[in-house]
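Me: Got a minute to go through this one with me? I'd like to start with the ligand site.

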Amino acid sequence: MAGTGLFTEILDGEAYKYYSDGEWKKSSSGKLVPIINPTTRKVHYKVQACTQEEVNKVMESAKTAQKLWAKTPLWKRAELLHKAASILKEQKAPIAECLVKEIAKPAKDAVTEVVRSGDLISYTAEEGVRILGEGKFLLSDSFPGNERTKYCLTSKIPLGVVLAIPPFNYPVNLAVSKIAPALIAGNSLVLKPPTQGAVSALHMVHCFHLAGFPKGLISCVTGKGSEIGDFLTMHPGVNCISFTGGDTGVAISKKAGMIPLQMELGGKDACIVLEDADLDLVAVNIIKGGFSYSGQRCTAVKVVLVMESVADALVEKVKAKVAKLTVGPPEENCDITPVVTESSANYIEGLVMDAKQKEATFCQEYRREGNLIWPLLLDNVRPDMRIAWEEPFGPVLPVIRISTVEEGIHHCNASNFGLQGCVFTKDINKAMLISDAMETGTVQINSAPARGPDHFPFQGIKDSGIGSQGITNSINMMTKIKTTVINLPTPSYTMG
Ligand code: NAP
């Protein structure tokens with residue numbers, strides 16, 4: 001159970017502590033941040049509201065710990081990561097319980113998130129040993145005008161202190177996807193978890209603590225992003241920010257100093273359906289892509305652009321599947337569970353009401369109880385409706401009927417977002433041409449958009465992000481190239 005057994009240490013009465021300098025602590029602010037259970041809409045957990053002084057202390061410890069960590073052999077760093085991964089997997093039940101209570105993730109998916117995170121840590125350890133153990137060797141005479149008098153050796157060095165800020169929807173997985181690459185590359189890490197999801201993240205951090213990482217190397221400060229976020233992201237002790245979330249990321253990138261940024265932001269992933277598509281396959285993927293975790297996924301299908309000639313048939317198939325989705329509490333593994341906050345539910349409702357007023361076709365009746373919104377397919381959506389462009393982050397999916405493929409590509413590319421997209425057709429040539437034309441970081445052919453597997457590159461263009469994630473790309477992003485040039489007094493050629 002959460003907060004018991006191995007995790008007793010992280011709880012103080014009714015509130016979870018924060019993690020600094022290898023110890024679990026209460027904040028001197030004396031203030032607690034309540035975490036509302038999206039299902040009951042009652043306070044379920046409380047976490048510390050950390051102060052600026054506590055953030056300063058964490059940054060100092062992180063800086064000191066990093067200097068020693070950078071001198072720790074790669075195999076040793078990997079060994080500790082493997083240990084953390086196995087503890088995390090062993091502790092999947094209490095961590096999954098937190099995910100269910102804090103973010104209403106269906107119980108089975110919550111366990112999957114924890115196990116996937118353990119696998120991600122192990123893979124990162126192995127990949128890190130391989131790619132960080134290699135460098136480049138260059139000879140000067142390959143550039144015109146040079147003799148072979150210079151040998152250039154390149155290697156990858158850590159950046160220093162990495163600040164990781166994940167979003168609520170994968171508070172464990174999207175935290176470890178930043179923590180593990182940062183650590184294997186020799187950085188220290190400061191985590192600011194999302195408020196909804198903070199307790200899951202604190203349990204996950206305790207697994208790293210139990211694995212025996214050095215004091216101060218990993219820290220976790222809690223508090224509302226709106227209160228401590230700016231102080232953290234503009235802190236002079238931070239050498240790199242890895243952020244996943246919504247528009248907040250755009251604001252952070254404008255305020256952050258001259259440091260590398262990895263930004264994985266929102267999306268409006270389009271699903272383009274051609275006339276020759278296998279409509280049963282499309283329907284299955286629209287359900288999985290649009291409604292799993294109630295649509296609260298960055299890579300959820302967020303708009304369907306279907307050729308008019310097959311639109312009726314597709315909408316009927318999707319409607320039949322929507323009718324079978326179970327709606328209710330996450331503890332019962334329902335397909336559709338309450339959305340994360342009341343304000344999210346209100347926002348989604350605003351998009352639905354706008355579509356209603358502008359006469360979209362409602363394939364189901366709109367229904368909401370508290371934060372729970374029943375799955376809704378909106379047909380005949382037009383570009384003048386907000387839902388055609390905005391990210392609902394809920395179980396509401398618009399269908400726009402198109403008469404040419406170009407129209408679909410145009411809609412996709414007119415969006416400010418460019419995370420992923422997908423195209424369904426049996427013609428691989430058409431699929432490739434459409435994929436090339438779509439201004440998104442990834443295009444899936446004949447499947448719904450997805451972030452995993454976690455070692456695939458993952459990136460958004462336009463307002464969807466800066467840089468690229470995926471295990472290898474994250475390790476590389478959290479390092480800098482260092483070169484050493486050996487200068488010889490006379491040209492030297494081997495075997496010459
Ligand atoms: P969010 O509101 O942007 O919050 C993300 C994180 O930023 C949270 O930890 C939040 O803390 C923190 N934060 C808030 N204000 C801050 C500030 N001023 N400075 C620094 N940090 C601050 O996003 P969300 O609602 O959690 O997640 C949903 C969004 O994430 C969607 O737009 C979704 O598409 C996107 N997302 C993108 C990806 C991707 O990889 N592209 C993956 C998943 C989700 P608090 O919780 O304390 O406010």
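Reply: Below we take the ligand site, then two backbone oddities. This is a predicted model: local features need pLDDT of at least 70, side-chain atom pairs count only at pLDDT 80 or more, and totals for chains, interfaces and linings use all residues. Residues are numbered from 1 along each chain as its sequence is written, and side-chain values use heavy atoms, with hydrogens and water left out.

Me: How many residues surround the ligand?

Reply: 32 residues do, and the closest are Thr195, Gly225, Thr248, Leu265 and Glu391. To be near, a residue needs a heavy atom within 4 Å of the ligand.

Me: What's the mix of nonpolar, polar and charged in that shell?

Reply: 14 nonpolar, 13 polar and 5 charged. Ala, Val, Leu, Ile, Met, Phe, Trp, Tyr, Cys and Pro count as nonpolar, Asp, Glu, Lys and Arg as charged, and the others, Gly among them, as polar.

Me: Which element gives the most to the shell?

Reply: Helix 7, with 5 residues. Helices are DSSP runs of H or I, at least four residues, and strands are E runs of at least two, numbered from the N terminus.

Me: Why does the ligand lie between the domains?

Reply: Because domain 1 (5-265) and domain 2 (270-445) both give residues to the shell around it. The bounds come from an automatic or database domain assignment.

Me: Which atom does the ligand meet at Thr248?

Reply: An N or O atom in the Thr248 side chain, 2.7 Å from a ligand oxygen. At Gly225, a polar backbone atom is 2.8 Å from a ligand oxygen. A polar contact here is a pair of N or O atoms within 3.5 Å.

Me: New topic. Where's the cis peptide bond?

Reply: Between Gly452 and Pro453, with omega about -10°. Pro453 is in the loop between strand 23 (442-445) and strand 24 (461-462).

Me: And what's phi at Asp21?

Reply: Near 55°, a positive value in a residue other than glycine. Asp21 sits in the loop between strand 3 (18-20) and strand 4 (23-25). Most residues other than glycine have a negative phi, and most peptide bonds are trans.

Methods
Polar contact = N/O pair within 3.5 Å; in protein donor to acceptor, adjacent residues only side chain to side chain.
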